[in-house]
Structures are given as C-alpha cells and as structure tokens.
Amino acid sequence: MLLEMNVKQRTIKNEVEISGVGLHTGKIVSMTIKPAPENHWFKFRRVDLEGQPEILVDADNVTDTSRGTTITQNGASVSTIEHLMASLIGLQIDNVLIDIDGPEIPILDGSSAIFVKLLEEAGFEEQDADRDYYEISNNIHYAEPDRKVEILGMPMDGYRLTCMIDFNSPVLGSQHAAITSIEDFKSEIASSRTFCFLHELEMLVDHGLIKGGDLSNAIVIVDKETSPEELQKLAHLFHKETVAVAKEGILNNNQLRYQNEPARHKLLDMVGDLALVGRPLKGHIMAARPGHAANVAFAKKIKEQIKKDKTRKKIKVYDPNMPALYDTVEIMKILPHRQPMLMVDKILELTETHVVGLKNVTMNEDLFMGHFPGAPLFPGVLQVEAMAQTGGILVLKTVPDPENWLTLFLKIENARFKAQVTPGDSVIFRCDLMEPIRRGIAKMKGVAMVGEKIVCEAELMAQIVRVNNN
C-alpha cells in the first residue's frame, strides 16, 4: 500500500556535513546542510565569498544547463545541484539552508545515495505549517520537436514520474524508468549513477572539463570501436591500471546497479531539476528524452501556470446560464444604449462595489459583416465598450433616476487583450470599484472572461452626467 504524502512541512533535525570533489571543477568542496524555518525552501549560501550571498533554488535563477544545473543569484553561483536536490525531494524535505565553500556540489559516487543516507541519519523534524503543494490541475506540456523531447505533467493525487530515453545507440538502446510514488525514490532511483558516452568522455577530458572525474562516479557507455591504446590512455588519465569494455557495452570500471540504470538516473535528474519550481508537486510527470535544459524549461512552464492559477483564484468563475438579476429590458431602463450598440445582455450580480454582466457574442451581429468576415472576431474596442457598459450599471445605480444620466469615459488604462473572442462565446464582464465613487467619478478594474480564461482586462475611469432635467 502506498503511504500518504506528508501534509506538514519538514526539515532535518541535525546538520549534515559533506566534503568531496566537484566533477567539473576538480575542487574540494565542503558543505553543511542545516535545518531551516517553515516556507524557506532550499537555499545555498556561499560562505567562501564576501557577504556570504544566498542563492534560492528557483528556475528563474538557472544560468547554465550544459553539464548539470547551475543557479546564480546575488553575484554567486552553485553548479551540479541536481543530485542533492533530488535527495531532498525524494525524502520529502521542504526547508534547508546549504552552506558551501565552493562553486560546485561534490559529485560523490555520481548518484543521490550518499546524500540520502546522510540526511536520513540526521533525522527529520516536522514543522507546524502545511506543506505547500502545487497540484497540477490541467495538463502542462513542453516539447522540442527537433530533438524529439517531450514532457507532460498531468493531474494526480501524488507524485509519479515516468521517463524514457533513447540515444539512438546500439549499446544503450531505448530504456524506461518509473516510480509510482515519491516514496519509491530512495529504493528505486537514488543509487542510480550519472552516465556518459565514451566519445563525450574523451571530449571532456581533452577540454579539461571533468577535472574531478575518476571513473568511479560515472557509467561510461562505449559507443564506438576502441583500441587498446585508447583504453590504456584512459586508464592512465584516471589512475587505473587497466580498463576494458564489459559485455554490457560499458567500461568495466563499474558494474551496473540496474539494467536500466541510465534511465533511472535521468529520472533522478528530473526529480532534482523540478525542485526549481520552488514547491513540492502533485502530479504525474511523463518525459521522453529529457535533459537538464528541458527539465528547467518545463519547471518554468509549471511556474507560469502557478502564476496564472493565482490570478484565476482571485476571480470568481460565473455560470453564463445562472438567472439574470436584470434582463435586457431592465438594462435598457438604466442604460441609454440601444442595438446595435447595447453590449450587455444580462446583469448577473450587483453590489455596492462590483457588478457582473454578460454578453453573448453571436454571428448575426452587424459588426461581423465588415470586421474580418472570413475569420470573425469580437473587436477588442467593443470588449472594452461592453466592460464599460457593465460598469455603467454599477455607477448609475447610485442615483435614483438613472434614465436621466449618462456614463462618460474619462480614461482607459492598462488595457490588455489576452485571447480572441469569437461568435458562440459568452463573455462575462466583472467590474470592481478601485476606490469609492466621488462627485460622480468612478474608477473601476474590469476583467472579461470566457469560461475560466481571461480574455481582456482594463482600468476604467468614468463620470456620470445629467442629460435630462425633466
């Protein structure tokens, strides 16, 4: 039976000290992972630099994904963070501060296993605040068609990940890995080591890019004919007596921990990189041929959706079929507009500070004969007009004889058109007073929605003036 995911945030009980060599820099680095307060998330602190600048683990801070994931903030960077991040997510830790005296996380054995072991030994401490999950509510899709990369996030109560890799290599072939729950990370994924192809290894060595590599922290896949001289050169470079090609098509410096260890490690990287969303996730993530760049791009797409969801949460979604507070006949008793310029069909809600109106966009309206007849769109200027008429109802209801008053525009600001409106759409307009009405002048925030989608928004200033003294 799967365990329920924790509902409270947690940190570690005791500090964790780790030292090791950075894979790419070759520098000895020391880290201390420390408990952190609620809602802190993961932050690095470069204690070797003046001012000890902090770097938040966030997709907006990513500056490089070429040989691992690098984040930069406040003039400081930390690279190859993905294996440590995967261990934190895999153990469902929410808040830590990581003091580090160098620019790169130690590579250790090329997996998350040592991090997991040390963090478990430190113990966990439950905190009072609820865990701030982001629950994927609608499919989120990312693709790079030219590289056949695709990542899809789908709704699910839990955190499940599925990964497929295919390097068009006869040795590696196509591989899959999956976990049905994040609780499986420790047992199924954490010990899977990083890997590279022999031709990549030789290029990296030639360019001095893996100064901390020693053939004990990576699986090397032999994807080409290799002479004894080349193997002897590699053995010398990495301080081995000899290396050879094992029957699995890898260098015999390491034995595979799993037949599909490369796919499992790609899944590990994905778990670590998606920590860049800045919150624990609920959903099913399926990925084909992912890499650090794609993982980060997908994390940014999730962050974009989070921002949209926050905006949407502030706006009530209305049913266009709900009973009308005012129908068209009653609206015409308040507004002076008549067809074809009457742009409000129903008023759904009205209080002292806001009003909600509806406009059904139909193909038989006069404007469509001349406005993009082959691809009819409801013009943005008429969306603003309908919004203003809806707001006019709110303002005119402050006088006892609205039929004797007009609502005139004084100003339109920050108008944005976010989606097309076409025949068949029912547009809901909501106008909220931004401040109390003074001297007949109203300033309103207007939003137009089709279903849950915002299609238009603007800030309107209008004044009511008397036109009939009879």
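Student: Why is H371 called partly exposed in this predicted model?

Tutor: Happy to walk through that! H371 has a relative accessible area of 26%. Buried means under 20% and exposed means over 50%, with partly exposed in between, so H371 falls in the partly exposed class.

Student: Where does H371 lie?

Tutor: H371 sits in the loop between strand 20 (354-360) and helix 9 (380-396). Leaving aside neighbours within four places in sequence, H371 is in contact with P376, L377 and P379.

Student: And why does H292 count as buried?

Tutor: Its relative accessibility is 14%. The cut-off for buried is under 20%, so H292 counts as buried. H292 lies in helix 7, and its contacts, again without neighbours within four places in sequence, are T65, G68, T69, E82, D269 and D273.

Student: What makes H292 and H371 worth pairing in our chat?

Tutor: Both are covered by the UniProt annotation "active site", which comes from an unreviewed entry.

Student: How do you know that helix 1 is mostly covered?

Tutor: Count its buried residues: nine of the nine in helix 1 (residues 82-90) are buried. Among them are E82, H83 and L84. After helix 1 comes Q92, with a positive phi near 55 degrees.

Student: What lines the second largest pocket?

Tutor: That pocket holds about 370 Å³ of space and has 18 lining residues, with W41, D132, V277, G278 and R279 nearest its centre. Helix 7 (residues 292-313) supplies the largest share of the lining, four residues. By class, the lining has six nonpolar, five polar and seven charged residues.

Methods
Residues are numbered from 1 along each chain as its sequence is written. This is a predicted model: local features need pLDDT of at least 70, side-chain atom pairs count only at pLDDT 80 or more; totals for chains, interfaces and linings use all residues. Side-chain values use heavy atoms; hydrogens and water are left out. Buried means under 20% relative accessible area, exposed over 50%, partly exposed in between (1.4 Å probe, protein chains only). Helices (H or I, at least four residues) and strands (E, at least two) are DSSP runs, numbered from the N terminus. On a 1 Å grid over the protein atoms alone, a cavity is a set of points where a 1.4 Å probe fits but cannot get out, and a pocket is an open set with protein on both sides within 12 Å along at least five of seven lines; lining residues have an atom within 4 Å of a point. Grid points are joined across faces, edges and corners, and a volume is the space filled by probe spheres set on the points. Ala, Val, Leu, Ile, Met, Phe, Trp, Tyr, Cys and Pro count as nonpolar, Asp, Glu, Lys and Arg as charged, and the others, Gly among them, as polar. UniProt positions are given in the numbering used here, feature names are shortened, and annotations may be inferred rather than shown by experiment. Contact means heavy atoms within 4.5 Å.
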